Structures are given as structure tokens and as C-alpha cells.
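User: I've got a model open and want to walk through it. Can you help me read it?
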Amino acid sequence: MAIHPIVPAETNAPTTAAPVPELAAAPAQSAPTPALFSLAGTVTIITGGGRGLGQALAKGIAQAGGSIACIDVLPEPTNAEGEWDEVVRLAGEVGGVATYHVCDITDEALMEETFGKIEGTTGAVVRGVIACAGVQQMVPAVEYPMDGFRRIMEIKSVKLGLAPGVRPSRPSPS
Ligand SMILES: NC(=O)c1ccc[n+]([C@@H]2O[C@H](COP(=O)([O-])OP(=O)(O)OC[C@H]3O[C@@H](n4cnc5c(N)ncnc54)[C@H](O)[C@@H]3O)[C@@H](O)[C@H]2O)c1
């Protein structure tokens with residue numbers, strides 16, 4: 001087993017000594033904290049992003065410098081109190097974009113199409129999916145219909161990013 005001597009960085013140690021990676025400053029040491037969490041140049045897909053938690057998280061993505069693509073079955077994103085305008089404004093402030101796409105995430109063909117549109121229009125790398133799509137069914141437990149349960153589970157599975165249409169691309173190595 002090779003044993004590398006621990007050489008203090010400041011000494012004039014012999015250059016033949018094997019480099020010890022731990023001696024190098026960690027990149028995080030010199031980077032400002034916001035830069036460590038920056039999503040600049042990326043786009044995050046948010047299912048169920050037409051309202052509620054999805055919209056709230058869209059603001060968080062924008063504040064981290066990322067672009068957002070919200071997917072929902074609602075014909076328009078909720079904007080009664082300027083919620084969607086705020087998402088668009090925040091994204092624009094950091095040079096990103098917020099786009100909205102009407103799409104049922106259980107519709108595979110539509111998802112493929114929507115995903116293609118997102119990749120084509122944002123010009124940024126899709127780096128993540130936030131799964132917020134969900135449905136609630138207020139039904140007495142003893143009367144719970146199996147097809148309703150299946151629908152809930154289908155939306156929840158798709159929202160985990162398992163659908164063929166949701167394939168976050170990896171950034172190409174630079
Ligand atoms: N709000 C809470 O306190 C809470 C707590 C625990 C879990 N959750 C879960 O977090 C998620 C978001 O919660 P929320 O309060 O924002 O709910 P919400 O009902 O306000 O938002 C869910 C969104 O998902 C959309 N949606 C439903 N089916 C869809 C489909 N097939 N394709 C695309 N979009 C679809 C709806 O149109 C809606 O806009 C849900 O899955 C919910 O079950 C919420």
C-alpha cells in the first residue's frame with residue numbers, strides 16, 4: 001500500500017512527493033455560499049406547478065437563478081394575487097425564464113411533446129424535476145374506489161419522474 005507523506009502546503013517540500021489531494025483548498029472554501037447553490041443555466045420542471053406548493057417552489061428555483069417549466073392540467077397558472085407574475089418576474093431578474101405548459105402528466109405522448117417543447121424553448125439544461133402534481137379525493141375510506149386509488153398512485157408515480165417523458169438530461173462534460 002502506498003503511503004503518501006502529509007506535506008504542509010507552505011513548506012518547500014520536495015517536488016517528487018506524491019500530491020495529497022486533501023492539502024488542496026476545497027473549491028467550496030473560496031466560493032460564496034449563493035454560488036454553491038446556484039441553478040444558473042439550468043431549467044427545473046415542476047409538475048403540478050400551476051398552483052400551491054408547485055408555484056411556491058418555482059419561486060425558490062428562480063431565486064436560486066434557475067429557469068422553470070411548470071406543468072399542470074389547469075388551463076392557466078393561478079394568478080389571482082399575482083403569484084404567477086411573481087414567478088416570471090423573479091426568473092427574469094436572474095436572466096432565466098418561467099414557462100407554463102398545460103399537460104396531464106399521465107398522458108405519455110403529451111409528456112414527450114411537452115418535454116421536447118421545454119428543451120427547445122428554454123435553451124437551458126434540464127437538471128431536475130420537482131414532483132408536486134397530486135390529487136385529493138374526499139371519499140369515506142370504506143367506499144374508496146379502486147380506480148380512484150389507482151389514479152392517485154399513477155399521478156404520484158409519474159410525479160416521481162418515472163414517466164418516459166421525464167428524462168432530465170445530463171449536462172455534457174465541459
Ligand atoms: N399542501 C400540503 O400541506 C401538502 C402536504 C403533504 C403533501 N402534499 C402533496 O404535495 C403536492 C402539492 O400539494 P398542493 O397543496 O400544492 O396541492 P394542489 O392541489 O394545490 O396542487 C396540485 C396540482 O397538481 C395538479 N395536477 C393534478 N393532477 C395532475 C396531472 N395528472 N397532471 C398535471 N398536473 C396535475 C393540479 O391541477 C394542481 O394544480 C400534492 O401531491 C399533495 O398531495 C401537500
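**A strand pair, the sheet and the ligand**

Analyst: Start in β4, where Gly128 is the bridge partner of Thr44. This is a predicted model: local features need pLDDT of at least 70, side-chain atom pairs count only at pLDDT 80 or more, and totals for chains, interfaces and linings use all residues. Residues are numbered from 1 along each chain as its sequence is written.

User: How many bridges join β1 to β4?

Analyst: There are 6, and the two strands run parallel. Strands (E, at least two residues) and helices (H or I, at least four) are DSSP runs, numbered from the N terminus. Two strands pair if DSSP finds at least two bridges between them.

User: What's the strand order in the sheet?

Analyst: β3-β2-β1-β4, in an open sheet of 4 strands with parallel pairing. β3 (98-102) and β4 (125-131) each have a single partner strand, so one side of each has no neighbour in the sheet. From one strand to the next, the twist averages 20 degrees.

User: New topic. Which residues are closest to the ligand?

Analyst: Gly48, Gly52, Leu53, Ala133 and Gly134, out of 19 that surround the ligand. A residue counts as near if its C-beta atom, placed from the backbone, lies within 6 Å.

User: Which elements give two or more residues to that shell?

Analyst: α3 and β2. α3 gives the most, with 3 residues.

User: And how does the shell divide into nonpolar, polar and charged?

Analyst: 9 nonpolar, 7 polar and 3 charged. Here Ala, Val, Leu, Ile, Met, Phe, Trp, Tyr, Cys and Pro count as nonpolar, Asp, Glu, Lys and Arg as charged, and the others, Gly among them, as polar.

Conventions
Axes fitted to C-alpha atoms, helices over the stretch in contact; angles between N-to-C directions.
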